[in-house]
Each structure stands twice: as structure tokens, then as C-alpha cells.
Amino acid sequence: MGALRTIGVIGGGAWGTALANAAAASGKAVALWMRDPEAAAAAELSRTNERYLPGVRLLDAIGVTSRPQTLALAETVLLVVPTQNIRSALAGFAGLLPPETPLVLCAKGIERGTNLFPSEIVRELRPEAPVAVLSGPSFAADVARGLPTAVALASGDEELARRLAADLSGPALRVYHGSDMRGVEIGGAAKNVLAIAVGIVQGRRLGESAKAALTARGFAELLRFAEAFGGRPHTLMGLSGLGDLVLTCGSAQSRNFSLGLRIGAGTPARDATGGKLAEGAFTADALVDLARSRSVEMPISEAVAAVLAGTRSVDEAVDGLMARPLKAE
Ligand SMILES: NC(=O)c1ccc[n+]([C@@H]2O[C@H](COP(=O)([O-])OP(=O)(O)OC[C@H]3O[C@@H](n4cnc5c(N)ncnc54)[C@H](O)[C@@H]3O)[C@@H](O)[C@H]2O)c1
Ligand SMILES: O=P(O)(O)OC[C@H](O)CO
């Protein structure tokens, strides 16, 4: 197969819109699908997505649509809806996407109830589709504006990963390829939970030293989890693991970190999202559940899950972490 001609994007939120702009900047024709016909028509006309990505102009090569059929001819489809909505979003495309169309999964999370990663959900729904995952340190607003960014793309089919990475790379987006899909998915899902923890520490004004300690110990639990669930340490040291952890734990631009900030400052967890998606809040329970199932110690993620559920106060969570037995590093 030669260079890609058309990219389809399922999901017109912040990340879908940003990736549509990045693909257009790399010379592709892009069909950006939004489920809401009015929002799609407004975006097509105004060339903006004011609700999810205000102030960013959609590049000319993007056509915005609410007709799923428009994506039937796309050579590659990026799936860019939150993890909890992957099933319902794909249901709208049943029978429309050819079985051989590669799907690039761009969500970072674990499905509640099933404890499945995005690639496992999609395997259930479209077992025949070639699948890759894309993740790494990348704020939608940065990517949409063409600021320099690097991400990882992995597929069990390494040749497919290599081709998609080349096709999706552009003037400001470098896409590194690999074959460790599970490692990339683990990094993206876990860093959101850990960023909530670091946000809480900042919101509680516990100091910069505590933030660094929590980020580093969070990375240690991420590595333990990856080892138990088939992710390669090398992957977790890269963009989709350490890279994204550092970005998300260090910036109020992150919705997960900001959720933690508000909780740390005293807002009850249920009121603290600010109306924005924070994938870590949905993933925390599933991550902890999976970790327990293989006896992986994840005290920071456990603490986040308990604070979100309201079963532990922030102070109890901090005290609990500080009182853990001392051990070798
Ligand atoms: N925003 C970022 O900077 C960023 C960067 C990298 C990865 N991500 C990941 O991308 C995923 C999506 O995040 P986002 O920032 O675009 O979220 P968002 O809240 O900005 O947008 C979510 C979009 O998904 C759509 N959607 C929800 N349920 C749907 C359904 N059932 N069918 C069709 N569409 C549906 C919504 O209408 C909305 O357009 C998340 O997993 C997030 O972690 C986001
Ligand atoms: O705003 P967040 O916390 O969802 O983070 C966005 C991206 O995942 C950062 O890489």
C-alpha cells in the first residue's frame, strides 16, 4: 500500500480535532466525524471547534461530517473517543468500515466493568481489523497549533506500525513506532491516575519535593504493573510511559492534574472535574482491580481510587502513604 490518502477521525473532541489538524498538516485529506449533526455543521461552516478546542482554526483539508458513511472510504481511521465510549461509538460504524481498514486507537484508559484496554475492546468488536495504539506526551491544544510534539504508535504488526507512523508524522508531529501495544496502553492509562495524585499534592500545598517523590514512586508502580501485564520496561521508559507521566504530572494544562488540584484544595471529588473529561477518574478503579488480581502493589493508585470514591480523605491518603513500611529502592 502506498502513502495514505484519506484519514477518518471518529470523535470531534479536543484530541480528535487536534489529530485531524495534524493529519491535514501532513498533507492528508481528513474526514472528521462528530456524532452531533448540529455541531458538525457548525464546525464545517465556522472552521472551528469552539466547544472542545477554542481558538484553533481547522485546516482546509478537513471536512467535518456527522455521516458515518463518509468514513467508509478512509484508508485509516483514528478512534478518538473516551475509553468508556469506545463500544457505543464503534456500534455506529458497524458494517460501514471495511474489515481491512486499520484502526488507530487514541484513547488512554481502561474500560470500567470489563477492565479491558482499548485494543482488547476493539478486538471483541472488530476481531478482523488491523489495530494500532497511539499515545504519548501531547496536549491537544499544542498539537492543534502545530507546536513540536512526539508520540508513540504501536501495533502487533510492526510493519503496519512503521507505515502508520510515517504516514501520520508531519512537520510538527513525530510519531515513533513500535510493537508493544500493551506497554503503550498501560502508560497512557496509568499516568492519568498518577497525575490526579500529583495534582492533589499540589492542591494541598505539600511542596515541590513531594510532587517529585510521588511522580517517581508512581513511575515505580507503573513499571511493576507493566511487568505483570505484559508491557515492556523499555516502552515504559519512553514517550508513552515516562514522557507522558512527566507531562501530565507537571502541568495544570492537564485535566487529570487539574482534577487533583481541585480535590487537594478541598473541592469534593464528585464536583471537581470542572465539566471536563478526566480519564483517570474512570480508570482508577479498573487499574487497581487489575493490579490486585495479580498482587501488584500500587499504593498511590489505590489512594487515588479511594479519594475519588470518598472512602478516604486526602489527609488519610497522604498519612497512609507516609506510614508505609520503609523498603529498598
Ligand atoms: N485532549 C488531549 O490533550 C488528549 C491528548 C491525548 C490523548 N487524549 C485522549 O483522547 C481521548 C479523548 O479525549 P478528548 O480530549 O478528545 O475528550 P473530549 O472530552 O474533548 O471529547 C470527547 C469527544 O468524544 C465524543 N464522544 C463521546 N462519546 C461518544 C460516542 N459514544 N460516540 C461518538 N462520540 C462520542 C464527544 O462528543 C466528544 O466530541 C481520551 O482517552 C483522552 O485521554 C486526549
Ligand atoms: O488533559 P489530560 O490530563 O487528559 O492529558 C492530555 C494528554 O493525555 C497528555 O498527554
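**Exercise 1. Find which residues of helix α8 are buried in this predicted model, and where they pack.**

Solution. Start with the residues themselves: Leu214, Thr215, Gly218, Phe219, Glu221, Leu222, Phe225 and Ala226 are the buried members of α8. Next, look at what faces them. The buried residues pack against α7, α9 (233-236), α10, α12 (279-293) and α13 (299-309).

**Exercise 2. Check the span of helix α8 against the expected value, then see what follows the helix.**

Solution. Helix α8 covers residues 208-229, which is 22 residues. The expected span is 1.5 Å times one less than the number of residues, so at 1.5 Å a residue α8 should span 32 Å. Now compare this with the model: the end C-alpha atoms are 31 Å apart, which agrees. Just past the helix comes glycine 230, with a positive phi near 85 degrees.

**Exercise 3. Decide whether phenylalanine 229 is buried, partly exposed or exposed, and list its contacts.**

Solution. First place the residue: phenylalanine 229 belongs to helix α8. Then count its surroundings. It has 17 C-beta neighbours inside 10 Å. A buried residue needs 20 or more, and an exposed one has 12 or fewer, so phenylalanine 229 counts as partly exposed. For the contacts, set aside neighbours within four places in sequence; Arg182, Ile186 and Leu290 remain. As a last step, try a pair: phenylalanine 229 and arginine 312 are separated by 83 residues in sequence, and their C-alpha atoms are 27 Å apart in space.

**Exercise 4. Describe how the two assigned domains meet.**

Solution. The domain assignment gives domain 1 (6-179) and domain 2 (190-322). Their C-alpha centres lie 26 Å apart. The contact draws 18 residues from domain 1 and 18 residues from domain 2. Turn to the domain 1 side: β9 (149-154) and β10 (173-178) are the elements that give two or more residues there, and β9 gives the most, with 3 residues. By residue class, this side of domain 1 divides into 8 nonpolar, 7 polar and 3 charged.

**Exercise 5. Work out where ligand 2 lies relative to the domains, and what surrounds it.**

Solution. Begin with the shell: 13 residues surround ligand 2, and the closest are Ser138, Asp244, Ser254, Arg255 and Asn256. Elements giving two or more residues are α7 (181-203), α10 (239-249) and α11 (255-264), with α10 giving the most, 3 residues. Sorted by class, the shell holds 4 nonpolar, 5 polar and 4 charged residues. Finally, domain 1 and domain 2 both give residues to this shell, so ligand 2 lies between them.

How values were computed
Residues are numbered from 1 along each chain as its sequence is written. Chains are lettered from A and ligands numbered from 1 in the order in which they are written. This is a predicted model: local features need pLDDT of at least 70, side-chain atom pairs count only at pLDDT 80 or more; totals for chains, interfaces and linings use all residues. A residue is near a molecule or strand if its C-beta atom, placed from the backbone, lies within 6 Å of it. Helices (H or I, at least four residues) and strands (E, at least two) are DSSP runs, numbered from the N terminus. Ala, Val, Leu, Ile, Met, Phe, Trp, Tyr, Cys and Pro count as nonpolar, Asp, Glu, Lys and Arg as charged, and the others, Gly among them, as polar. Domain bounds come from an automatic or database domain assignment. Two residues are in contact if their C-beta atoms, placed from the backbone, lie within 7 Å.
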